[in-house]
Amino acid sequence: MAKTSAFPAVAFALTVLAGLLVGAGSALAFMKHGTAEVHRGWSGSRVTGSVDADPWTRAQVALTGLLALNASQAMYFRRSADDAGQPLRESCRYRVAGGPLPGRWWSVTVYAADDYLPRNDDGALSFDATRVQPDGSGHWQAEVSRSRPAGPIPWASSRLAGHFDLTLRLYNPAPSAQRDLGSIPLPSVTRIDCAGGEGA
């Protein structure tokens, strides 16, 4: 009899626990990817680092450890997939290509799945406006991969990053960029190939 009466209490406790776990997981996912606008595969927000930021955006900044400036000083864009929608992963090589960006300076940095820089000693976890070599029309290319490419192309190492994200920081963005994120010509991220033909 005691076993029968205890069953509903145990079932209720398990249901509550499952609800808490699902709720916490969905909240965590929302904090990481939730309130941002998405343009050309990059997600960003006009209010990151601002007093106007909503609680979810503030939580996202705290979760990812982003030392966020306000939008007049810097804008932040993040992506975890290539242009084909496939997750960015260490075993693949990617071409990041773009043109002039509406700001005084910019950089692109690799972050591992734990939101920290990859724990490698390649000394090449980002590239920026001073390292790319634009052509006559201002277009540039860089590579993200786990091995240094041949030739002079700018490179960011994804070695030991697993599934990773790219973060683009645009410093002192033009007022037009601050008003309309969709007007920013954010760079493309194209998969070149993967080790052993993986994901081809």
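These exercises work through the disulfide, the strands and the charged side chains of a predicted model.

**Exercise 1. The disulfide**

Task: Find how many disulfides the structure holds, which residues are joined, and which handedness the torsion gives.

Solution:
- Step 1. Count. There is one disulfide in the structure.
- Step 2. Name the partners. Cys92 is joined to Cys194, with an S to S distance of 2.0 Å. The cut-off for a disulfide is 2.5 Å between the sulfur atoms.
- Step 3. Place them in the chain. Cys92 sits in strand E4 (residues 92-98) and Cys194 in strand E10 (residues 188-194). They are 102 residues apart, so the pair links distant parts of the chain.
- Step 4. Read the torsion. About the S-S bond of Cys92 and Cys194 it is about 95 degrees, so the disulfide is right-handed.

**Exercise 2. Burial of the two cysteines**

Task: Decide whether Cys92 is buried or exposed, then do the same for Cys194.

Solution:
- Step 1. Recall the cut-off. Buried means under 20% relative accessible area.
- Step 2. Apply it to Cys92. Its relative accessibility is 1%, so Cys92 counts as buried.
- Step 3. Apply it to Cys194. Its relative accessibility is 11%, so Cys194 counts as buried.

**Exercise 3. The pairing of strand E7**

Task: Work out which strands pair with E7 and in which sense, and how many of the residues of E7 are buried.

Solution:
- Step 1. Start with burial. E7 covers residues 140-145, and five of its six residues are buried. The strand is mostly covered.
- Step 2. Take E4. It pairs with E7 in the antiparallel sense, over five bridges. Tyr94 stands opposite Val144 of E7.
- Step 3. Take E8 (residues 155-157). E7 and E8 run parallel and are joined by three bridges. Glu143 has Trp155 in E8 as its bridge partner.

**Exercise 4. A buried aspartate without a salt bridge**

Task: Establish where Asp128 lies, which side chain of opposite charge is nearest, and what the Asp128 side chain contacts.

Solution:
- Step 1. Locate the residue. Asp128 belongs to strand E6 (residues 126-128).
- Step 2. Look for a charge partner. Asp128 is buried yet lacks a salt bridge. Arg131 is the nearest side chain of opposite charge, 5.7 Å away. The salt-bridge cut-off is 4 Å, from a side-chain nitrogen of Lys or Arg to a carboxyl oxygen of Asp or Glu.
- Step 3. Look for polar contacts. The side chains of Asp128 and Thr130 make one, at 2.4 Å.
- Step 4. List the contacts beyond four places in sequence. For Asp128 they are Trp105, Trp106 and Ser107.

**Exercise 5. The surroundings of Arg131**

Task: Describe where Arg131 is found, how accessible Arg131 is, and what the side chain of Arg131 reaches.

Solution:
- Step 1. Locate the residue. Arg131 is in the loop between E6 and E7.
- Step 2. Classify it. At 37% relative accessibility, Arg131 counts as partly exposed.
- Step 3. Follow the side chain. It reaches the backbone oxygen of Ser126 at 2.5 Å.
- Step 4. Set sequence against space. Arg131 and Pro154 are 23 residues apart in sequence, but their C-alpha atoms are 6.3 Å apart.
- Step 5. List the contacts beyond four places in sequence. Arg131 touches Ser126, Pro154 and Trp155.

**Exercise 6. Salt bridges and a network**

Task: Count the salt bridges in the whole structure, then find which residues share partners in one network.

Solution:
- Step 1. Count. The whole structure has eight salt bridges.
- Step 2. Take Asp115 and Arg78. Their side chains form a salt bridge at 2.4 Å, N to O. Asp115 lies in the loop between strand E5 (105-111) and E6, and Arg78 in strand E3 (residues 74-79), so this pair ties together parts 37 residues apart in sequence. Both Asp115 and Arg78 are buried.
- Step 3. Take Arg78 and Asp165. Their side chains meet in a salt bridge at 2.7 Å, N to O. Arg78 is in E3 and Asp165 in strand E9 (residues 165-171), so parts 87 residues apart in sequence are tied together. Both Arg78 and Asp165 are buried.
- Step 4. Take Arg159 and Asp121. They form a salt bridge, with the closest N and O atoms 2.9 Å apart. Arg159 is in the loop between E8 and E9, and Asp121 in the loop between E5 and E6, 38 residues apart. Arg159 is partly exposed at 26% relative accessibility. Asp121 is exposed, at 70%.
- Step 5. Join the pairs. Salt bridges with shared partners connect Arg78, Asp115 and Asp165 into one network.

Definitions and conventions:
Residues numbered from 1 in each chain as written. Predicted model: local features only at pLDDT ≥ 70, side-chain atom pairs only at ≥ 80, totals over all residues. Heavy atoms only, no water. Helix = DSSP H or I, 4+ residues; strand = E, 2+ residues; numbered from the N terminus. Buried < 20%, exposed > 50% of the residue type's maximum accessible area, 1.4 Å probe, protein only. Lys, Arg positive; Asp, Glu negative; His and termini not counted. Polar contact = N/O pair within 3.5 Å; in protein donor to acceptor, adjacent residues only side chain to side chain. Contact = heavy atoms within 4.5 Å. Pairing = 2+ DSSP bridges.
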